[in-house]
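The following exercises train the reading of a protein model, one step at a time. Please study the sequence and the structure before turning to the solutions.

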Amino acid sequence: MKQQLTNIWKDWRLHAIVLAIVLLTETIGTHSFNVGPGVVLLLPMLYAIIIGLALFFTPVVKEKQSKNAEPLIVLGVTVLIAKIGVIIGPSLPQIIEAGPALLLQEFGNLGTILIALPVAVWLGLKRESIGMAHSVAREPNVGLIMDKYGFNSPEGRGVMAIYIFGTVFGAVFMGLISGFLATWTPLHPLSFAMASGIGSGSMMAAASGSLVAAFPGMENDILAFAGASNLLSLSTGLYMSIFIGLPLTERLYQLMTKKKSNTSVRKGA
(Lines give C-alpha, C1' and ligand atoms only; values in the text may rest on other atoms or scores of the structure.)
Protein backbone atom coordinates (compact mmCIF):
# COMPACT_ATOMS: atom_id res chain seq x y z
CA MET A 1 0.00 0.00 0.00
CA LYS A 2 2.82 2.39 0.89
CA GLN A 3 4.55 1.64 -2.43
CA GLN A 4 1.27 2.22 -4.30
CA LEU A 5 0.82 5.63 -2.68
CA THR A 6 4.43 6.51 -3.53
CA ASN A 7 3.81 5.61 -7.18
CA ILE A 8 0.68 7.77 -7.23
CA TRP A 9 2.41 10.84 -5.82
CA LYS A 10 5.27 10.43 -8.32
CA ASP A 11 2.87 10.18 -11.28
CA TRP A 12 3.26 13.80 -12.41
CA ARG A 13 1.45 13.07 -15.66
CA LEU A 14 -1.70 12.20 -13.71
CA HIS A 15 -1.45 15.30 -11.51
CA ALA A 16 -0.93 17.51 -14.57
CA ILE A 17 -4.00 16.03 -16.29
CA VAL A 18 -6.15 16.50 -13.16
CA LEU A 19 -4.94 20.09 -12.72
CA ALA A 20 -5.68 20.88 -16.37
CA ILE A 21 -9.19 19.41 -16.09
CA VAL A 22 -9.89 21.36 -12.87
CA LEU A 23 -8.69 24.66 -14.37
CA LEU A 24 -10.69 24.08 -17.55
CA THR A 25 -13.93 23.11 -15.79
CA GLU A 26 -13.69 25.94 -13.25
CA THR A 27 -13.13 28.38 -16.12
CA ILE A 28 -16.27 27.09 -17.82
CA GLY A 29 -18.16 27.53 -14.54
CA THR A 30 -21.75 26.65 -13.68
CA HIS A 31 -24.42 26.95 -16.35
CA SER A 32 -28.13 26.19 -16.34
CA PHE A 33 -31.03 25.95 -18.74
CA ASN A 34 -34.76 25.63 -18.28
CA VAL A 35 -36.74 22.52 -19.18
CA GLY A 36 -40.37 23.48 -18.64
CA PRO A 37 -40.68 24.75 -15.06
CA GLY A 38 -37.50 22.97 -13.95
CA VAL A 39 -33.84 23.97 -14.18
CA VAL A 40 -31.01 21.65 -15.27
CA LEU A 41 -27.70 22.65 -13.67
CA LEU A 42 -24.40 21.90 -15.38
CA LEU A 43 -21.64 21.92 -12.75
CA PRO A 44 -17.85 21.75 -13.12
CA MET A 45 -17.95 18.25 -11.57
CA LEU A 46 -20.07 17.01 -14.48
CA TYR A 47 -17.70 18.51 -17.05
CA ALA A 48 -14.75 16.93 -15.25
CA ILE A 49 -16.34 13.45 -15.36
CA ILE A 50 -17.16 13.74 -19.06
CA ILE A 51 -13.72 15.14 -19.97
CA GLY A 52 -12.01 12.44 -17.91
CA LEU A 53 -14.01 9.72 -19.66
CA ALA A 54 -13.19 11.19 -23.07
CA LEU A 55 -9.46 11.41 -22.27
CA PHE A 56 -9.41 7.75 -21.25
CA PHE A 57 -9.91 6.84 -24.93
CA THR A 58 -7.01 9.03 -26.07
CA PRO A 59 -3.21 8.62 -25.80
CA VAL A 60 -3.20 11.36 -23.13
CA VAL A 61 -4.31 8.94 -20.40
CA LYS A 62 -2.46 5.64 -20.26
CA GLU A 63 -3.20 2.50 -18.23
CA LYS A 64 -0.80 3.66 -15.51
CA GLN A 65 -2.73 6.90 -14.93
CA SER A 66 -6.02 5.05 -14.97
CA LYS A 67 -4.90 2.65 -12.23
CA ASN A 68 -3.32 5.40 -10.14
CA ALA A 69 -6.47 7.52 -10.32
CA GLU A 70 -8.67 4.92 -8.60
CA PRO A 71 -7.35 5.45 -5.02
CA LEU A 72 -7.51 9.23 -5.52
CA ILE A 73 -11.26 9.01 -6.06
CA VAL A 74 -11.62 7.30 -2.68
CA LEU A 75 -9.37 9.92 -1.11
CA GLY A 76 -11.41 12.78 -2.58
CA VAL A 77 -14.70 11.30 -1.37
CA THR A 78 -13.14 10.73 2.07
CA VAL A 79 -12.29 14.44 2.36
CA LEU A 80 -15.87 15.28 1.37
CA ILE A 81 -17.29 12.89 3.98
CA ALA A 82 -15.05 14.48 6.63
CA LYS A 83 -16.36 17.92 5.69
CA ILE A 84 -19.95 16.68 5.87
CA GLY A 85 -19.24 15.13 9.27
CA VAL A 86 -18.16 18.53 10.60
CA ILE A 87 -21.28 20.14 9.10
CA ILE A 88 -23.65 17.53 10.57
CA GLY A 89 -22.77 18.55 14.15
CA PRO A 90 -24.40 22.02 14.17
CA SER A 91 -27.33 20.65 12.13
CA LEU A 92 -28.12 17.81 14.54
CA PRO A 93 -31.32 19.48 15.90
CA GLN A 94 -32.80 19.66 12.39
CA ILE A 95 -31.69 16.10 11.61
CA ILE A 96 -33.21 14.77 14.84
CA GLU A 97 -36.41 16.67 14.08
CA ALA A 98 -36.59 14.91 10.70
CA GLY A 99 -35.76 11.57 12.34
CA PRO A 100 -38.74 9.48 11.12
CA ALA A 101 -38.30 10.71 7.56
CA LEU A 102 -34.60 9.82 7.58
CA LEU A 103 -35.26 6.40 9.06
CA LEU A 104 -38.02 5.63 6.57
CA GLN A 105 -36.20 7.00 3.53
CA GLU A 106 -34.58 3.62 2.92
CA PHE A 107 -38.03 2.24 2.05
CA GLY A 108 -38.12 4.81 -0.75
CA ASN A 109 -35.17 3.08 -2.38
CA LEU A 110 -37.30 -0.06 -2.64
CA GLY A 111 -39.79 1.87 -4.77
CA THR A 112 -37.41 1.73 -7.70
CA ILE A 113 -37.91 -2.04 -7.84
CA LEU A 114 -41.52 -1.44 -8.86
CA ILE A 115 -40.32 0.66 -11.80
CA ALA A 116 -37.03 -0.96 -12.84
CA LEU A 117 -38.07 -4.62 -12.71
CA PRO A 118 -41.13 -4.35 -15.01
CA VAL A 119 -39.05 -2.37 -17.52
CA ALA A 120 -36.27 -4.97 -17.44
CA VAL A 121 -38.73 -7.85 -17.95
CA TRP A 122 -40.48 -5.90 -20.72
CA LEU A 123 -37.12 -5.47 -22.48
CA GLY A 124 -36.74 -9.25 -22.50
CA LEU A 125 -34.18 -9.68 -19.71
CA LYS A 126 -34.45 -12.89 -17.72
CA ARG A 127 -33.02 -13.45 -14.24
CA GLU A 128 -30.40 -10.79 -14.92
CA SER A 129 -33.17 -8.33 -14.08
CA ILE A 130 -33.17 -9.53 -10.43
CA GLY A 131 -29.56 -8.51 -9.95
CA MET A 132 -30.10 -5.30 -11.90
CA ALA A 133 -33.27 -4.08 -10.20
CA HIS A 134 -33.06 -5.17 -6.56
CA SER A 135 -30.92 -2.16 -5.47
CA VAL A 136 -28.64 0.64 -6.64
CA ALA A 137 -25.96 -2.07 -6.99
CA ARG A 138 -23.08 -0.70 -4.96
CA GLU A 139 -20.34 -2.85 -3.41
CA PRO A 140 -22.41 -4.41 -0.54
CA ASN A 141 -25.18 -5.39 -2.96
CA VAL A 142 -22.69 -6.85 -5.43
CA GLY A 143 -21.33 -8.98 -2.57
CA LEU A 144 -24.86 -10.07 -1.61
CA ILE A 145 -25.69 -11.25 -5.14
CA MET A 146 -22.33 -12.99 -5.59
CA ASP A 147 -22.75 -14.78 -2.26
CA LYS A 148 -26.27 -15.98 -3.02
CA TYR A 149 -26.15 -16.71 -6.75
CA GLY A 150 -22.47 -16.80 -7.75
CA PHE A 151 -20.34 -14.62 -10.01
CA ASN A 152 -21.21 -16.44 -13.25
CA SER A 153 -24.95 -16.53 -12.59
CA PRO A 154 -27.46 -14.42 -14.58
CA GLU A 155 -28.12 -12.42 -11.39
CA GLY A 156 -24.38 -11.85 -11.00
CA ARG A 157 -24.07 -10.57 -14.56
CA GLY A 158 -27.03 -8.27 -13.97
CA VAL A 159 -25.72 -6.68 -10.78
CA MET A 160 -22.25 -6.20 -12.30
CA ALA A 161 -23.75 -4.48 -15.35
CA ILE A 162 -25.51 -1.95 -13.13
CA TYR A 163 -22.46 -1.57 -10.89
CA ILE A 164 -20.28 -0.65 -13.87
CA PHE A 165 -22.94 1.59 -15.40
CA GLY A 166 -23.46 3.36 -12.06
CA THR A 167 -19.72 3.85 -11.59
CA VAL A 168 -19.39 5.48 -15.02
CA PHE A 169 -22.65 7.42 -15.34
CA GLY A 170 -24.20 7.45 -11.84
CA ALA A 171 -22.70 10.75 -10.68
CA VAL A 172 -23.61 12.47 -13.96
CA PHE A 173 -27.20 11.25 -13.77
CA MET A 174 -27.64 12.13 -10.09
CA GLY A 175 -26.10 15.56 -10.60
CA LEU A 176 -28.48 16.39 -13.45
CA ILE A 177 -31.69 14.87 -12.10
CA SER A 178 -31.49 16.21 -8.53
CA GLY A 179 -31.24 19.88 -9.48
CA PHE A 180 -33.94 19.50 -12.13
CA LEU A 181 -36.47 17.76 -9.88
CA ALA A 182 -35.77 20.08 -6.95
CA THR A 183 -36.67 23.11 -9.09
CA TRP A 184 -39.50 21.43 -10.99
CA THR A 185 -41.48 19.82 -8.17
CA PRO A 186 -43.03 21.47 -5.08
CA LEU A 187 -41.14 19.10 -2.73
CA HIS A 188 -38.78 20.65 -0.18
CA PRO A 189 -35.08 20.73 -1.20
CA LEU A 190 -34.15 18.80 1.97
CA SER A 191 -36.28 15.88 0.77
CA PHE A 192 -34.02 15.67 -2.28
CA ALA A 193 -30.99 16.01 -0.02
CA MET A 194 -32.18 12.92 1.85
CA ALA A 195 -32.89 11.15 -1.45
CA SER A 196 -29.33 11.79 -2.64
CA GLY A 197 -27.90 9.59 0.12
CA ILE A 198 -28.23 6.23 -1.62
CA GLY A 199 -25.03 4.65 -0.33
CA SER A 200 -22.59 6.05 -2.90
CA GLY A 201 -20.26 8.89 -1.94
CA SER A 202 -19.67 10.09 -5.51
CA MET A 203 -23.36 10.06 -6.43
CA MET A 204 -24.27 11.84 -3.20
CA ALA A 205 -21.59 14.47 -3.88
CA ALA A 206 -22.91 15.11 -7.40
CA ALA A 207 -26.55 15.29 -6.29
CA SER A 208 -25.94 17.48 -3.25
CA GLY A 209 -23.66 19.72 -5.33
CA SER A 210 -26.52 20.42 -7.74
CA LEU A 211 -28.89 21.10 -4.85
CA VAL A 212 -26.43 23.53 -3.25
CA ALA A 213 -26.05 25.34 -6.58
CA ALA A 214 -29.84 25.63 -6.87
CA PHE A 215 -30.37 26.63 -3.21
CA PRO A 216 -27.11 28.22 -2.00
CA GLY A 217 -28.71 29.60 1.17
CA MET A 218 -29.36 26.04 2.39
CA GLU A 219 -25.87 24.65 1.74
CA ASN A 220 -25.10 23.42 5.27
CA ASP A 221 -28.52 21.84 5.76
CA ILE A 222 -28.41 20.14 2.34
CA LEU A 223 -24.96 18.66 2.97
CA ALA A 224 -25.90 17.60 6.50
CA PHE A 225 -29.09 15.81 5.44
CA ALA A 226 -27.40 14.23 2.42
CA GLY A 227 -24.52 12.99 4.59
CA ALA A 228 -26.78 11.62 7.32
CA SER A 229 -28.96 9.89 4.73
CA ASN A 230 -25.95 8.37 2.99
CA LEU A 231 -24.61 7.09 6.31
CA LEU A 232 -27.95 5.44 7.10
CA SER A 233 -28.09 3.88 3.62
CA LEU A 234 -24.58 2.48 4.05
CA SER A 235 -25.42 0.98 7.44
CA THR A 236 -28.96 -0.28 6.80
CA GLY A 237 -29.15 -0.63 3.01
CA LEU A 238 -27.63 -4.12 2.88
CA TYR A 239 -30.04 -5.45 5.52
CA MET A 240 -32.93 -3.86 3.65
CA SER A 241 -31.81 -5.67 0.50
CA ILE A 242 -31.34 -9.00 2.30
CA PHE A 243 -34.68 -9.09 4.11
CA ILE A 244 -36.96 -7.02 1.85
CA GLY A 245 -35.45 -5.83 -1.45
CA LEU A 246 -34.14 -9.11 -2.88
CA PRO A 247 -37.09 -11.31 -1.75
CA LEU A 248 -39.52 -8.69 -3.13
CA THR A 249 -37.67 -8.61 -6.46
CA GLU A 250 -37.64 -12.41 -6.66
CA ARG A 251 -41.38 -12.62 -5.94
CA LEU A 252 -42.31 -9.90 -8.41
CA TYR A 253 -40.13 -11.49 -11.08
CA GLN A 254 -41.88 -14.83 -10.61
CA LEU A 255 -45.30 -13.20 -10.81
CA MET A 256 -44.45 -11.18 -13.93
CA THR A 257 -42.78 -14.02 -15.83
CA LYS A 258 -45.58 -16.41 -14.88
CA LYS A 259 -48.17 -13.94 -16.13
CA LYS A 260 -46.14 -13.36 -19.29
CA SER A 261 -45.85 -17.09 -20.02
CA ASN A 262 -49.57 -17.63 -19.36
CA THR A 263 -50.37 -14.84 -21.84
CA SER A 264 -48.09 -16.46 -24.43
CA VAL A 265 -49.78 -19.87 -23.94
CA ARG A 266 -53.26 -18.34 -24.40
CA LYS A 267 -52.13 -16.59 -27.59
CA GLY A 268 -50.65 -19.85 -28.89
CA ALA A 269 -53.90 -21.69 -28.16
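**Exercise 1. A network of charged side chains**

Is arginine 127 buried, partly exposed or exposed? Determine also which salt bridges arginine 127 forms.

Solution.

Step 1. The model is a predicted one. In this model arginine 127 has a relative accessible area of 27%. Buried means under 20% and exposed means over 50%, so arginine 127 is classed as partly exposed.

Step 2. Side chains of opposite charge can pair when their charged atoms come close. Arginine 127 meets glutamate 155 in a salt bridge, with 2.4 Å from N to O. Arginine 127 lies in the loop between helix H6 (99-122) and helix H7 (128-133), whereas glutamate 155 belongs to helix H9 (residues 154-184), so this pair links parts that are 28 residues apart in sequence. Glutamate 155 counts as buried, at 4% relative accessibility.

Step 3. A salt bridge also joins arginine 127 to glutamate 250, and here the closest N and O atoms are 2.9 Å apart. Because glutamate 250 lies in helix H12 and arginine 127 in the loop between H6 and H7, the pair ties together parts that are 123 residues apart in sequence. Glutamate 250 counts as buried, at 13% relative accessibility.

Step 4. The count of salt bridges comes to three. Among them is the pair of arginine 157 and glutamate 128, whose closest N and O atoms are 3.6 Å apart. Arginine 157 is in helix H9 and glutamate 128 in helix H7, so the pair connects parts that are 29 residues apart in sequence. Arginine 157 is partly exposed, with a relative accessible area of 44%. Through shared partners, salt bridges join Arg127, Glu155 and Glu250 into one network.

**Exercise 2. The two sides of a helix**

Which residues of H2 are buried, and why do they lie on the same side of H2?

Solution.

Step 1. Helix H2 covers residues 12-28, which makes 17 residues. From its first C-alpha to its last, H2 reaches 24 Å, close to the 24 Å expected at 1.5 Å a residue.

Step 2. The buried residues of H2 are Leu14, Ile17, Ile21 and Thr25. They cover an arc of only 65° around the axis, and therefore they lie on the same side of H2.

Step 3. The spacing has a general reason. An α-helix has 3.6 residues a turn, so residues three or four places apart point the same way.

Step 4. The face of H2 turned away from the buried side carries the exposed residues Trp12, Leu23, Glu26 and Thr27. Just after H2, glycine 29 takes a positive phi of about 80°.

**Exercise 3. Two buried residues**

In which helix is threonine 249, and which residues is threonine 249 in contact with, leaving aside its neighbours within four places in sequence? Where is alanine 137, and what is its phi?

Solution.

Step 1. Threonine 249 is in helix H12, residues 219-268. Its relative accessible area is 0%, so threonine 249 is buried.

Step 2. Once neighbours within four places in sequence are left aside, threonine 249 is in contact with Ile113, Leu117, Ile130 and His134.

Step 3. Alanine 137 is found in the loop between H7 and helix H8 (139-149). Alanine 137 also counts as buried, at 0% relative accessibility.

Step 4. Most residues other than glycine have a negative phi. Alanine 137 has a positive phi of about 65° although it is not a glycine.

**Exercise 4. The whole chain and its annotation**

How many helices and strands are there in the protein, and where does UniProt place the feature "transmembrane region"?

Solution.

Step 1. The protein has 12 helices and two strands. Along the sequence they follow the pattern α-α-β-β-α-α-α-α-α-α-α-α-α-α.

Step 2. Of the 269 residues in the protein, 37% are buried. The protein exposes about 15,300 Å², and carbon and sulfur atoms supply 71% of this area.

Step 3. An unreviewed UniProt entry places the feature "transmembrane region" at residues 12-33, 39-60, 72-95, 107-125, 161-184, 190-215 and 222-246.

Step 4. In the model, residues 12-33 are 77% helix and 14% strand, and the end C-alpha atoms of this span lie 37 Å apart. Residues 222-246 are 100% helix and 0% strand, with end C-alpha atoms 30 Å apart.

Conventions:
Residues are numbered from 1 along each chain as its sequence is written. This is a predicted model: local features need pLDDT of at least 70, side-chain atom pairs count only at pLDDT 80 or more; totals for chains, interfaces and linings use all residues. Side-chain values use heavy atoms; hydrogens and water are left out. Helices (H or I, at least four residues) and strands (E, at least two) are DSSP runs, numbered from the N terminus. The expected span of a helix is 1.5 Å times one less than its number of residues. Buried means under 20% relative accessible area, exposed over 50%, partly exposed in between (1.4 Å probe, protein chains only). The arc is that of the directions from the helix axis to the C-beta atoms. Contact means heavy atoms within 4.5 Å. Accessible areas come from the Shrake-Rupley method with a 1.4 Å probe; for residues, only the protein chains shown count as cover. A salt bridge is a side-chain nitrogen of Lys or Arg within 4 Å of a carboxyl oxygen of Asp or Glu. UniProt positions are given in the numbering used here, feature names are shortened, and annotations may be inferred rather than shown by experiment.
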